[in-house]
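Hi,

Here is the model I said I would pass on. Have a look at it first, and my notes follow below.

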There are 2 protein chains.
Amino acid sequence: MYLAKIYVTYKPSILDPQGEVIKSALKRMDYAGIEQVAQGKYFEVKLNAKDVDAATAEVESFTDALLINQNTETYRFDLSLVPDEVNA
Amino acid sequence: MYLAKIYVTYKPSILDPQGEVIKSALKRMDYAGIEQVAQGKYFEVKLNAKDVDAATAEVESFTDALLINQNTETYRFDLSLVPDEVNA
């Protein structure tokens, strides 16, 4: 079984209002060193696939199809092999 | 300047309804190999700090204070040193 860790962020040209609000709040809370805050999404997906190429293709396919908005967001991901869970 | 990449996930005992909904949707879309989906949050924060220990302490402090709900969420983070941006 593979574990995909998928990191979704806004494209560089897209305004990130949540990130700006968090940055302002941190400044008000006297965290003076904060330069920039970006908020994104994070997914952990466990999937069965016959090999790492098949898993990569599947992750790219469903991330494009469901997890991100391709107009505004971009993503990267890591894949790792994890032991199958024992179904007791 | 340091870049902190902060990954927020639900604690293991907490129900993740968004993850369940995404898993159901992927199954309906014929991604048959999906075993588990967890949705979390991802933050990238750039901050100035005098050394890596100070940066680590600051990230832990503001993440606990603002970015997560300590009752339901947990997090981990990576810190890396990045070049200061030139303010033109």
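Before the strands come up, a word on terms: two strands count as paired if DSSP finds at least two bridges between them, and helices (H or I, at least four residues) and strands (E, at least two) are DSSP runs, numbered from the N terminus. Some housekeeping too: this is a predicted model, so local features need pLDDT of at least 70 and side-chain atom pairs count only at pLDDT 80 or more, while totals for chains, interfaces and linings use all residues. Residues are numbered from 1 along each chain as its sequence is written, chains are lettered from A and ligands numbered from 1 in the order in which they are written, and side-chain values use heavy atoms, with hydrogens and water left out.

Now the sheet. In chain A, β1(A) runs antiparallel to β2(A), joined by seven bridges, and A:Val8 sits opposite A:Lys41 in β2(A). β1(A) is also antiparallel to strand β3 (residues 73-81) of chain A, with nine bridges; here A:Val8 faces A:Tyr75 in β3(A).

The pairing carries on across the chains: β2(A) and strand β2 (residues 34-47) of chain B pair in the antiparallel sense over 13 bridges. One facing pair there is A:Val45 opposite B:Val37 in β2(B).

How are the two copies related? Chain A superposes on chain B by a rotation of 180° with 0.0 Å of shift along its axis, RMSD 0.0 Å (least squares on the C-alpha atoms of residues with pLDDT of at least 70 in both). That is a two-fold axis. The C-alpha in chain A nearest the axis belongs to A:Lys41, 2.3 Å from it.

On to the interface, where contact means heavy atoms within 4.5 Å. Each side brings 35 residues, from chain A and from chain B. 100% of chain A's interface residues are also interface residues in chain B, so the copies meet through the same surface. About 2,900 Å² is buried between the chains, 61% of it from carbon and sulfur atoms (accessible area, 1.4 Å probe, that two parts lose on being put together, summed over both).

And which elements of chain A touch chain B? β1 (2-10), α1 (17-28), β2 (34-47) and α2 (52-67) each supply at least two residues, and β2(A) gives the most, with 14 residues.

Finally, the rule finds zero salt bridges across the interface (a side-chain nitrogen of Lys or Arg within 4 Å of a carboxyl oxygen of Asp or Glu).

Cheers
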